[in-house]
Amino acid sequence: MSGYSRSEPLARTAPMEANVRKGVTPASQSHRLPGDGIIDRRLPLQFSFDGKTMTGFAGDTLASALVANGVKLVGRSFKYHRPRGIVTAGSEEPSALVEMRTGARREPNTRATTQELYDGLIANSQNRWPSLRRDFMSINQLFAPIFVAGFYYKTFMWPAKFWESIYEPMIRRAAGLGKSAELPDPDHYDKAWAHCDVLVVGAGPAGLSAALAAGRAGSRVILVEEDTLIGGRLLSDGGEIDGLDAREWLRGAARELVSLPNVRIMTRTALFGVYDGGTYAALERVSDNVAMPDRHQVRQRIWRIVAKRSVVTAGAIERPIVFPGNDRPGVMMASAVRTYVNRFAALPGKRVALFTNNDDGWRTVETIERAGAHIVAVIDPRHEVPAQYQRLVDTYDLRVLAGVVSEVKGGVDGVRSIVVANDKNGLTQRIDTDCLAVSGGWNPNVGLSCFHRGKPTWREDIAAFVPGSAPKGMATAGAANGELSLSACLREGHGAGARAAAECGAAGKPGEASKADDEVYAIAPLWHVKGKGKAFVDFQHDVTASDVTLAQREGFESVEHLKRYTTLGMATDQGKTSNINGLAIMAEATGRTIPETGTTIYRPPYAPVAIGAFAGHHRDENFHATRLTPSHHWAAKQGAVFVDTGLWKRAQWYPRAGEKDWLETVTREVLAVRNGVGFCDVSTLGKVDVRGADAGVFLDRVYINSFSNLAVGKARYGLMLREDGIVYDDGTTSRLAEDHYFLTTTTAKAGPVMQHLEFCRQVLFPELDVQLTSATDQWAQFSIAGPNTRNLLRALADPSEDLTNEGFPFMGAREVKLRGGVTARLFRISFSGEMAFEISVPARYGAAMAENLMIAGKPYGVTPYGTEALGVMRIEKGHVAGPELNGTTTADDLGLGKMMSKKKDFIGRVMAGREALTAPNRQVVVGIKPIDKARRLRSGAHVIPKGAIPGPQTDQGYVTSVCFSPMLDQWIGLGLVERGRERTGEIIRIHDPLRNEDYEAEICSPVFYDPEGVRQRG
Amino acid sequence: MADFSWNVQSPLQQALVPGRHGGAGTQVGVTLEEVRGVSLVQVMARRGRVAETIKAAKKLFSVEPPDTPRAVSGRNATLIWSGPDQFMVLSARQTGDQFAKLTAGFAGVASLSDQSDGRCLIRIAGSGARQALAKFSSLDLHDSVFPAGAAATTAVDHTAVNFWREPGSVDENAVFNMLVFTSFADSLWHTILDSCLEYGVQASVAHAA
């Protein structure tokens, strides 16, 4: 078994010796049988249900432990608050839903039938107040007529405003199921991948046969089983295989599977989805069997399993019969009764009545009688005892009644008696019983085979749907395929496993299929026993037979309408025990056959999956991956406040002690740059190495301006358009060699631009000799700005480097040697409008560079600044950025129309010439200054003409970027305003209904500071 | 004039805490290692110059670069497939300018880009390595599918990663290499470490030799 397999049921369950030593007397397990069962009596476990302490054994489920303790009432129903008990012994359970655990780990709607017992388990019943036995809301039963199908639509129509304030809270309090935890989940979850040739779903006799055949043949096999143990119905019904007792055979099969290194068994793992390309999803309940996951262990894990072939051997679910009172605690599926007795040595009742319409139900007789309890009556509507069970009638002197159960009498403690009606003569008789075992036949689990819109087909002989067409690569076998006898399961499973392995290219021998005696299975369908009293179809959603017929009378005849109108099958159990009965009753009401009526669409998940499991590791600080700049840890040490920019963490500002708010900090940083020198990590800008003989030609085509004529050693600002003529991105690109350009992008568009460039290279211009590599992470890049920039650089650079205006002019770009033996790339470009350079060194030197800039600039009061100061300075200079390059603006809108070359073609050129994109009334970038200098301008505010009434007719644009300008000592902004450039000096109205502000402002040039650009060239 | 020291910093300077993490007792199911001091160069054949690029590589490394997703060991370097007509050259960083040397070796036939600082090399090995990897990699790492020397350009946590199994590493000693983008390294390290904790982790720093 692989490292993930946790099929040993006892290994993780701590014994309760401590409690025993403390002298806690285990409550009597009044209904525990002395027989063997698959529980470990050496490991008693203490648990609490509704505050009452009880004991069970390792190997128990919560449900089997409750059965062993004689507990029948475990919850109240959804709408009517009717007392409910345990109906099944599997994951299909619609009724025994409890709240597990407490506090932050509280988990509602947990199926007691799949919850493994552990020492210290705490569970509570749900949907009752104040207590389970005296439930106040059970008064709902008296108002039952209003809770009929469609009551939400009918009852709470008027007045509409009552819905949120009165109706919804009331309904939520009355209905609903358990309460979810109100604290963050302290547990962890993860997701993992697994790969195989053959995925076998379900480890019953068919699945084990399939896994054995495929494993022996040599293919890589994954066998998933939702239960804690492999074996399926063999654990409950036994039988004889290859002349061995079923459990003995099972041990042998398990041994062989474990011995095969190519077979991986995953227990506690429920397959819940089938997706494209042979991908399957499963949920592993890693730590649901302990109070708290081990340290470093997850609570649950989602598996994505990629398989070349799958064999679905997911078995079948026993079908209830719809009759009045069928939801009374103590009414239980016959197969569940056998499971509790044979597997868990727990007796659901001492005087058991059996109501079955098929041969399989009769197995229950022997189970009960051998357990020392008594079958008080067998009720079979078929009027004939199946031949193979005739001997039981004689052996146990059985009372066999031809007829149906028409009434169930009892209280909150469950069934006390039933009324049996002879459907031929109408005579009734009452039989005292404490447990009614019911079997309406078996429904193959067709769900997984139908997840790709496959439609199941009806098989008359077993009165059930079987898989129709299955998704590509999937086969179904055994009971899941409608083959209900043990011999057929073994044979079909083996065949499907061997075929799947061969299709995957396995060359080994699959061996022989195991053999069992052929059994006869006969059934006479019985869907609904009419009578007075509620007969339930869907236990979890409290949908009755009369709700189905009411839906039909009101015109909701399609199964999809039936589902939505009555909520049949829409609960967490997804109608596993109810859907077929519901549509059979609908078929009868409409006079159609069951296949004519059809099934609703099957969709994943097959079983409930917690959202936390889907999130996996991706929560809190791990919600998404983050990117750190090379100077991140240095900046953190300086006390920087970081801002999320896409995935990046960028230093937003560097607060100093005594500064009262961010604005004071940012203003200080701006003034330090404008009056001295500062630096900012700009490594987040996208960087691309563009190489090849045609690199220049390539850039000419992607940018609106020319780059093939750029001299080596020079940088140029470039603007690129989308194919539709709208501006895509901007940045400076430098030519470092004849065949080497170094292109930069904005931080936000680094990824998309790289993708765009690759598309251009590979698809549009494959004839060009050009190669692209992202170099974003290779370089630590800093912007150094301010009048003392050159002084700082002179301290840092090797004395041989000429940094004068002549030696390193504006827009120069070349390598320089730094003191200490490092070579850097230096670019004389400015975003701030100051005398500025960008310097880049390999990322490993990023932190050292920040420290060295501090050293070199110390005499000039060098100040590290963040993105906010960067933004202030670019707004003061009227440089456009993200808010202006917003996917709606053209080059001309940004004031960059003159950059569009007329001498060459480039991406977006033609479409940029469209009428609407060149219309004279377009909104273009302008500067905006409030008239009242104390007024704070806010981005998003609307621009309307002075004196106009605000509205869509008068709206002329909006404010895109704002900042407090330390140089102008007031709030300023950039905006997109209709015909803005023609309106310099005009007073406009700023209308901000979101923040309830309205004031006047002046349109001005977007370049607020140093419009001649003297400073950056100085 | 001030003295400038140029201390190098790994992107895992903070995230990687050498020593034992997670697990129970002293068990070590996974070893996690950052390999520092590597030189990494992206080599892309120029248009129509694939044959010459292969020839140049053979001359430099005594081995042909892989033309399928594989990693091959050559003289003083591992060549890792990274796409059609391109590969990466991984070697220990030396004192001289390796990038310049390679640029000369491939002059005119291939475009080179220095990625020595663009990626961070993480190695994962140990009996629990495949199980841990299954939590953050969608690759099938079974011997029959991903033998020693197999390579893939793939994603971890939605982030591009160059992934390969060390040539010659077999069975329980399989070593898996991941080149992750430098800026993502800190974040991915935590994801990787968290995935490994249940098996017991020995984390360390190695230097390329």
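1. A nonpolar core, as the term is used in this note, is a set of buried Ala, Val, Leu, Ile, Met, Phe, Trp, Tyr and Cys residues joined through C-beta atoms within 7 Å. In this model, which is predicted, the largest nonpolar core has 238 residues, and the members with the most contacts inside it are Val198(A), Leu436(A) and Val180(B). Domain 1 (19–36 + 118–207) and domain 2 (38–114) of chain B both contribute residues to this core, so it lies between them. A second core, separate from that one and made of 107 residues, includes Ala651(A), Ala672(A), Leu792(A) and Leu885(A).

2. Leu436(A) deserves a closer look. When its neighbours within four places in sequence are left aside, Leu436(A) is in contact with Gly330(A), Val331(A), Ala353(A), Phe355(A), Val405(A), Val408(A), Val415(A) and Ile418(A). The strands β21 (residues 404–411) and β22 (residues 414–421) of chain A pair with each other in the antiparallel sense over seven bridges, and a hairpin of two residues leads from β21(A) to β22(A). Within this pair, Glu407(A) has Val419(A) of β22(A) as its bridge partner.

3. The hairpin belongs to an open sheet of three strands in the order β21-β22-β23 (chain A), paired antiparallel. Its edge strands are β21 and β23 (428–432) of chain A, each of which pairs on one side only, and neighbouring strands are turned by 25 degrees against each other on average, direction ignored. Five bridges connect β22(A) with β23(A), again in the antiparallel sense, and Ser417(A) stands opposite Asp432(A) of β23(A).

4. The contact between the chains takes 44 residues from chain A and 44 residues from chain B. On the side of chain A that touches chain B, at least two residues each come from β8 (189–201), β31 (627–628), β35 (686–691), β39 (771–774), α21 (789–796) and α22 (846–857) of chain A. The residues of that side comprise 18 nonpolar, 16 polar and ten charged.

5. Two of the strands named for that contact, β35 and β39 of chain A, also belong to an open sheet of five strands, ordered β36-β37-β38-β35-β39 (chain A) with antiparallel pairing. At the edges stand β36 (715–721) and β39 of chain A, each with a single partner strand, so one side of each is left without a neighbour in the sheet. The twist from one strand to the next averages 30 degrees. Strands β37 (residues 727–737) and β38 (residues 740–745) of chain A run antiparallel and are joined by four bridges, with Ser734(A) having Phe742(A) of β38(A) as its bridge partner.

6. Two helices of chain A should be read together with this sheet. Helix α19 (residues 695–702) of chain A packs on the sheet and touches β35, β36, β37 and β38 of chain A, its direction making about 130 degrees with that of β35(A). Helix α20 (residues 750–764) of chain A lies across β35, β37, β38 and β39 of chain A and runs at about 20 degrees to β35(A).

7. In helix α13 (residues 559–566) of chain A, the buried residues are Val559(A), Leu562(A), Lys563(A), Tyr565(A) and Thr566(A), and a reviewer may wish to note that Lys563(A) is among them. The buried residues of α13(A) pack against β30 (543–544), α12 (545–553), α14 (579–590) and α15 (594–597) of chain A. Just after the helix, Thr567(A) adopts a positive phi of about 65 degrees.

8. Strand β45 (residues 923–930) of chain A has six of its eight residues buried, so it is largely enclosed by the rest of the structure. Six bridges join β45(A) to the antiparallel strand β48 (residues 970–978) of chain A, where Gly927(A) has Leu974(A) as its bridge partner. Four bridges join β45(A) to β50 (residues 997–1004) of chain A, also antiparallel, and there Pro930(A) stands opposite Ala1001(A).

9. Finally, the two domains of chain B. Their centres, taken over C-alpha atoms, are separated by 24 Å, and eleven residues of domain 1 are in contact with twelve residues of domain 2. On the side of domain 1 of chain B that touches domain 2 of chain B, two or more residues each come from β8 (119–125), β9 (151–156) and β10 (159–165) of chain B, with β9(B) giving the largest share, three residues. That side of domain 1 of chain B divides into seven nonpolar residues, three polar and one charged.

Notes: Residues numbered from 1 in each chain as written. Chains lettered and ligands numbered in written order. Predicted model: local features only at pLDDT ≥ 70, side-chain atom pairs only at ≥ 80, totals over all residues. Contact = placed C-beta atoms within 7 Å. Nonpolar A, V, L, I, M, F, W, Y, C, P; charged D, E, K, R; others polar. Buried ≥ 20, exposed ≤ 12 C-beta atoms within 10 Å, placed from the backbone. Domains from an automatic or database assignment. Pairing = 2+ DSSP bridges. Axes fitted to C-alpha atoms, helices over the stretch in contact; angles between N-to-C directions.
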